[in-house]
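Thanks for coming, everyone. Let me put the structure up, and then we'll walk through it piece by piece.

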Amino acid sequence: MRGRLVLALIALALAIAGFGVYGTLIVTDGGSTSPTPTPRAAGTFVFEPAETPAPETSPPVPPAPSSPPPVAPPAAVQATTQATVQAGDPQEVAVRYLTAWQAGDLAAMAGLVSAPPVDFAERHRRFDAELRITAPPSLTPQTPRRRSALEAEVPFQGVRQITGLGPWPFSSVLHLVRHAGQWRVRWTPQTMHPSLGEGRSLRLTETKVRRPATLTREGLPFPAGSRAGDYFTGLEGTTTELKLRELPSGRVLLASPSKGGEATRTTISQDVQSAAAHALDGLQAPAALVAIDLRTRQVRAVADTLGGKGAFNGLYPPGSTFKVVTAAALLRTGLTSRSPVPCPAAYTIPNARRFTNAEPADRGVLPLTTAFALSCNTTFVQQSYERLRDGGLRTEAADRFGFREKPGLSSCRIRPHTDLNELGSDAIGQNSVQASPLCMAEVAAAAATGVWKPAVMTERPPADSPPEVPIGDEVAAQLRDMMGAVVTQGTAAAAGLPPGTAGKTGTAEVAGGHSHAWFIGYRGSLAFAAFVQNGGSGGATAAPVAARFLNALR
């Protein structure tokens with residue numbers, strides 16, 4: 001009787017161990033677990049319930065008809081269970097690999113692969129570049145499958161974004177092998193996509209096709225040389241059809257939708273678009289200028305030589321243009337635009353790094369408006385350290401100015417700071433702060449009107465459009481005074497901007513390259529952002545671009 005009970009307990013322990021390795025697991029950003037699937041968010045992996053595999057031993061002995069009360073397993077069974085659970089988990093390796101892939105961390109991915117090819121990272125980069133994939137994929141693991149004690153599989157589904165085609169769903173499988181006590185991914189090209197087997201490949205093809213023209217909101221053709229071809233089809237009576245094909249079969253995996261019928265009107269204004277396009281004339285570096293209507297937030301112009309719809313989708317450090325957001329957060333703590341603040345030549349956060357200004361002079365104590373107009377880094381770093389250490393800066397950016405994951409045309413983001421050095425850099429638009437020109441035009445529009453709303457390219461906002469967010473009348477009024485001072489007495493005073501313009505310059509440092517040049521602002525019924533990639537000083541390069549744009553509209 002006792003011998004049969006021991007055998008039953010051993011079989012039960014092995015079944016439990018098998019479930020610990022291959023059972024249901026839901027991993028979220030916070031590391032919590034749940035027994036039921038939850039909606040998937042960015043950075044969240046959901047495993048569907050998995051059946052517990054049968055132990056690779058003889059079947060358990062059935063219990064006797066009249067079972068005694070439960071007793072603790074013998075020490076040998078406890079040790080076997082613990083050793084099995086601690087021996088390694090293929091699910092954990094799969095989660096780590098897919099998390100790194102979704103974050104674009106190729107080095108971390110390679111570190112989880114068994115014998116990765118020497119060109120592992122280059123294959124991923126080349127795959128994305130050739131197929132015009134704009135970002136790492138979104139990934140969702142499925143039910144894991146156990147093949148043997150040394151092999152497991154985790155199927156997964158993913159979605160990539162292809163420029164010009166949009167979302168591209170796919171399915172593949174992570175094959176995992178156990179070697180020397182460690183689980184690792186057995187990588188092949190099919191891990192990236194199942195159509196990459198031996199002798200097979202993927203190719204993106206484009207074909208020019210005659211289509212009716214796309215028109216401006218006035219019903220007129222787009223101006224010649226509009227620099228808006230990445231955003232609209234048929235500007236010259238043709239459009240490009242894209243197809244993603246599997247070779248050599250020729251099977252079409254994804255194609256741009258066929259468009260026919262009459263010409264469509266857009267939200268673009270012919271005069272505003274023409275002014276934006278000509279404002280970029282003569283620039284040697286890639287650049288963009290976007291303009292939106294203050295009342296409707298409809299896009300009135302987009303001129304872009306960045307490529308890949310960089311004016312909407314690109315992510316660049318905004319530099320000191322982000323001080324509009326930082327200033328709003330500081331005003332919410334009790335400062336006013338007239339509050340005296342120090343502007344030293346250098347400022348060191350206690351027990352952290354030293355920050356300096358573009359101009360080395362110590363300017364003493366100034367009103368906050370003057371420090372903003374002169375773009376004093378040390379002022380905004382010091383005030384953020386003293387007033388926003390509790391996360392107030394990120395709250396302001398994410399909750400009131402759109403720096404969060406959201407549906408819409410623009411892209412921008414900021415992470416929670418992990419130390420004071422990151423807080424100081426975030427306060428002046430560096431470190432984790434990234435934004436597209438359209439996002440920064442939305443920031444300027446929010447300051448001009450007192451309400452943040454997403455930009456749109458339709459007559460009415462889409463159904464999934466984020467709600468508008470008031471930033472406060474008093475805060476907005478003070479921001480407008482501060483942005484006006486930038487043009488009349490600050491870093492943009494010599495740019496030739498017409499009267500009535502308010503804005504903010506930005507010079508964003510870039511590792512290993514020239515700084516990005518920015519100027520954002522508003523005048524009349526328009527808010528705008530001018531951006532020159534690696535263009536140097538915002539006041540010397542981007543503000544004159546904005547001046548050419550605005551002067552052409554007068």
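**Helix pairs, hairpins and a sheet**

Let's start with two helices. Helix α6, residues 270–279, packs against helix α15, residues 538–553, at an angle of about 145°, and their axes are 8 Å apart. The crossing of α6 and α15 is right-handed. Who makes the contact? From α6, we have Asp271, Val272, Ala275, Ala276 and Ala279. From α15, we have Val545, Arg548, Phe549, Ala552 and Leu553. Sort the residues of that α6–α15 contact by class and you get eight nonpolar, two charged and no polar.

A quick word on what you are looking at. This is a predicted model. The protein chain has 15 helices and 23 strands. It runs to 554 residues, and 47% of them are buried. Now take the contacts in the chain with a separation of 6 or more: 66% of those join residues 24 or more positions apart.

Next, a second helix pair. Helix α10 covers residues 377–387, and helix α12 covers residues 420–427. They pack at an angle of about 130°, with axes 8 Å apart. That angle is why α10 and α12 count as oblique to each other. The α10–α12 crossing is right-handed. On the α10 side, the contact uses Phe380, Val381, Ser384 and Tyr385. On the α12 side, it uses Leu420, Leu423, Gly424 and Ala427. By class, the α10–α12 contact holds six nonpolar residues, two polar and no charged.

Stay with one residue there. Is Ser384 of helix α10 buried or exposed? Its relative accessibility is 0%, so Ser384 counts as buried. Leave out residues up to four places away in sequence, and Ser384 touches Thr326, Leu330, Arg389, Leu423 and Ala427. Two of those names, Leu423 and Ala427, you just heard on the α12 side.

On to strands. Strand β5, residues 151–162, pairs with strand β6, residues 166–179. The sense is antiparallel, over twelve bridges. Arg160 stands opposite Trp168 in β6. The two strands form a hairpin, with three residues between them. In that turn, Gly164 has a positive phi of about 90°.

Then β6 carries on to another partner. Four bridges join β6 to strand β7, residues 182–185, again antiparallel. Here Arg178 stands opposite Trp183 in β7. The β6–β7 hairpin has two residues between its strands. Which residue takes a positive phi in the β6–β7 hairpin? Ala180, with a phi near 55°.

Last stop: a sheet. It is open, with five strands, in the order β12-β11-β23-β22-β21. The pairing is antiparallel. Which strands sit at the edges? They are β12, residues 299–304, and β21, residues 502–510, and each pairs on one side only. From one strand to the next, the twist averages 10°.

Zoom in on the β12 end of the sheet. Strand β11, residues 287–293, runs antiparallel to β12, and five bridges join them. One bridge partner to look for is Ala303 in β12, which goes with Leu289.

And there is a helix on this sheet. Helix α13, residues 437–449, lies across β11, β12, β22 and β23. In sequence, β22 is 513–523 and β23 is 526–532. Helix α13 runs at about 145° to β23.

That's my tour. Questions, please.

Definitions and conventions
Residues are numbered from 1 along each chain as its sequence is written. This is a predicted model: local features need pLDDT of at least 70, side-chain atom pairs count only at pLDDT 80 or more; totals for chains, interfaces and linings use all residues. Side-chain values use heavy atoms; hydrogens and water are left out. Axes are lines fitted to C-alpha atoms, for helices over the stretch in contact, and angles run from 0 to 180 degrees between N-to-C directions. Angles under 35 degrees count as roughly parallel, over 145 as roughly antiparallel, 65 to 115 as roughly perpendicular and the rest as oblique. A crossing is left-handed if the near helix is turned anticlockwise from the far one by less than a right angle, and right-handed if clockwise. Contact means heavy atoms within 4.5 Å. Ala, Val, Leu, Ile, Met, Phe, Trp, Tyr, Cys and Pro count as nonpolar, Asp, Glu, Lys and Arg as charged, and the others, Gly among them, as polar. Two strands pair if DSSP finds at least two bridges between them. Buried means under 20% relative accessible area, exposed over 50%, partly exposed in between (1.4 Å probe, protein chains only).
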